[in-house]
Amino acid sequence: MNELDLQKLINAAASGKRPHFFGDHDVDRLLSIVWAMAAELAVTRERLDTVERLLAERALLDRAAIDAYRPDGAAAAERGQWQIEYLSRLLRVLQQEVDALRREER
Amino acid sequence: MTRATRLDAAPPWSEVGEHAMSPTATHDEIARFNFLANFNKYMSNVVVAGNAVAYERRVAPHWRAQHGVDPANRREIRAAMSADAYYQLWSALRRSGMEMRQQAGRSLVLRQMQALRDRARELNAACAATLRLDNSIAIPPYQSELDNHCMPGSYYAEYIDDDVSAAANYDAGMFATTTGLFGRYLDGAGRGTAQWLSRSRPGWQPRRILDLGCGLGHNLLPLARAYPEAEVVGVDVAAPMLRYGHSRAVGMGLGRVIFQQANAERLPFEDASFDFIYSTMFLHETSHAALRNIFGEVRRLLAPGGVQLHLEQPPYRGMSDFEQFLRDWDCHYNNEPFWSALHETHLPTLLAEKGFAQADIFETEIHAIVEDEMPKVATAVEDFGRGGLWYACGAAA
């Protein structure tokens, strides 16, 4: 199983019709994306908090260095891969819709 | 000036009890659960209450203006509330939270499903006699028609040979869903059941104990600990739950606990062969017909002098229509198709129909027993279905 297939399996929908609650169903889809984003923002905030606390404990953090930082090639590539997984997580609802359409085709 | 009241935060996922089958979690995977746990807690402590305000202030008055009377029951309340902007947003957030909990659990577990499977194989091989799988057991339609509570693949999907990922996901995510109210090892209901049994029958030693729909055995192990001399058996239709539950139990030194693949409607045991038969949050995942079959099996299997106990969310009788409406949300929007019907079923009557004497049938309440440092549930209204306090119905044979 390659990485993308694994991510699709992770994001799979439960069987059963996905309910909608708003008069305009697009709002339900949008809310799903916004709320997943809110979660990831909390995750990032928590990680940042951990890093800052650990560095502060060790007297290692120079806050000005954060603003001055520029990634090298390897670091930039690693960040890029993270962005791809991040986007797949955010856009789960679209994948599920296409999966359902494909199943209908068969 | 009065001191501002601070809301309790959910315990961090890093507090979840570790065992031999625990997945390896990264910082961000833990943080994802931490967000979801606090989101669930905030929804039940703060956001849910706004529904009653919306109902009283604008939804019910509007209904009265149109119909001349109040909504007559929970169905009419749902029809009225479905058009309300607050209820719509609360519902959509709640549903999103359910889906995100699954995504978070699956992204933690599926990336290491081979490693978890290998670990389970190794542990299970050490006590092979007590893991009794039977691949002739079919998944009953009330389980296969819908993925229960929005778990993709439900309890039984297998993505690789000897897969345990469905159970590992269930185990990992439940702590976040229940905000720690079931305890570090999710065994609060089992511990509450063991305490109830020891208090209602002091000194009694059941020889054989049966947990129906045991899943990964989280509520089975407390009975094994409380009755070290008893033969303790859990049955379930889902092989991944049993494989994982057995390996988890072996890792805890409880390899004597039997995990058997069987359908609770037709159990492969002799008549009158169990002294204590119980279930925790299992009956609502079955069906009308199955429920009757299951109670019939309990009648057959319970030895003279034995007792049964079934933990569930409280029945709707005696509740306001509005509370029924809120509790009913899971039936309509969280893939719990039998939820409403079960909570309208009078379980004591059903037990009487199966031949238990009226005087031997009882109803009670069971509290989750959790570690001292874990949050406790004070009232039955906590989160309308996910708190650590249960209605229980039982009967002595």
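**Exercise 1. Decide whether A:Leu48 is buried or exposed.**

Solution. Begin with the count: A:Leu48 has 11 C-beta neighbours inside 10 Å and therefore counts as exposed, given that a residue is called buried if 20 or more other C-beta atoms lie within 10 Å of its own, exposed if 12 or fewer, and partly exposed in between, with C-beta atoms placed from the backbone. Next, place the residue: A:Leu48 lies in helix 2 of chain A, where helices (H or I, at least four residues) and strands (E, at least two) are DSSP runs numbered from the N terminus. Finally, look along the chain: A:Leu48 and A:Asp26 are 22 residues apart, and their C-alpha atoms are separated by 33 Å.

The model is a predicted one, in which local features need pLDDT of at least 70 and side-chain atom pairs count only at pLDDT 80 or more, while totals for chains, interfaces and linings use all residues. Residues are numbered from 1 along each chain as its sequence is written, and chains are lettered from A and ligands numbered from 1 in the order in which they are written.

**Exercise 2. Describe the backbone and surroundings of A:Ala59 and of B:Ser154.**

Solution. Start from the general rule that most residues other than glycine have a negative phi. A:Ala59, although not a glycine, has a positive phi of about 55°, and this residue sits in the loop between helix 2 (25-57) and helix 3 (63-68) of chain A. B:Ser154 is likewise not a glycine and has a positive phi of about 50°; its place is the loop between helix 6 (141-144) and helix 7 (165-177) of chain B. The neighbour counts complete the picture: A:Ala59 has 7 C-beta neighbours inside 10 Å and so counts as exposed, whereas B:Ser154, with 23 C-beta neighbours inside 10 Å, counts as buried.

**Exercise 3. Work out which residues of helix 5 of chain B are buried, and what covers them.**

Solution. Take the length to begin with: helix 5 (residues 113-126) of chain B has 14 residues and spans 20 Å from its first C-alpha to its last, close to the expected 20 Å, a figure defined as 1.5 Å times one less than the number of residues. Its buried residues are B:Met113, B:Leu116, B:Arg117, B:Ala120, B:Leu123 and B:Asn124. Seen down the axis of helix 5 of chain B, these buried residues fall within an arc of 135° and so line one face of the helix, the arc being that of the directions from the helix axis to the C-beta atoms. On the other side of helix 5 of chain B, the residues B:Ala115, B:Glu122, B:Ala125 and B:Ala126 are exposed. The cover over the buried residues includes helix 4, strand 1, helix 7 and helix 10 of chain B, and such contacts are counted where two C-beta atoms, placed from the backbone, lie within 7 Å.

Now turn to helix 5 (residues 92-105) of chain A, which has 14 residues. Of these 14 residues the number buried is 1, so helix 5 of chain A lies largely in the open.

**Exercise 4. Trace the open sheet of chain B and the place of strand 4 within it.**

Solution. Write down the order: 8 strands of chain B form an open sheet in the order 1-4-3-2-5-6-8-7, with mixed pairing, where two strands pair if DSSP finds at least two bridges between them. Strand 1 (131-132) and strand 7 (361-367) of chain B stand at the edges, each with a single partner strand, so one side of each has no neighbour in the sheet.

Follow strand 4 of chain B next. Strand 1 runs parallel to strand 4 of chain B and is joined to it by 2 bridges, with B:Arg132 opposite B:Gln260. Strand 3 of chain B also runs parallel to strand 4 of chain B, with 4 bridges between them, and here the bridge partner of B:Val235 is B:Gln260. As for the side chains, B:Ile258 and B:Gln260 point one way from strand 4 of chain B, B:Phe259 and B:Gln261 point the other way, and all are buried.

**Exercise 5. Find how many residues each chain brings to the contact.**

Solution. Chain B gives 28 residues and chain A gives 25 residues. The largest share of the side of chain B that touches chain A, 11 residues, comes from helix 4 of chain B.
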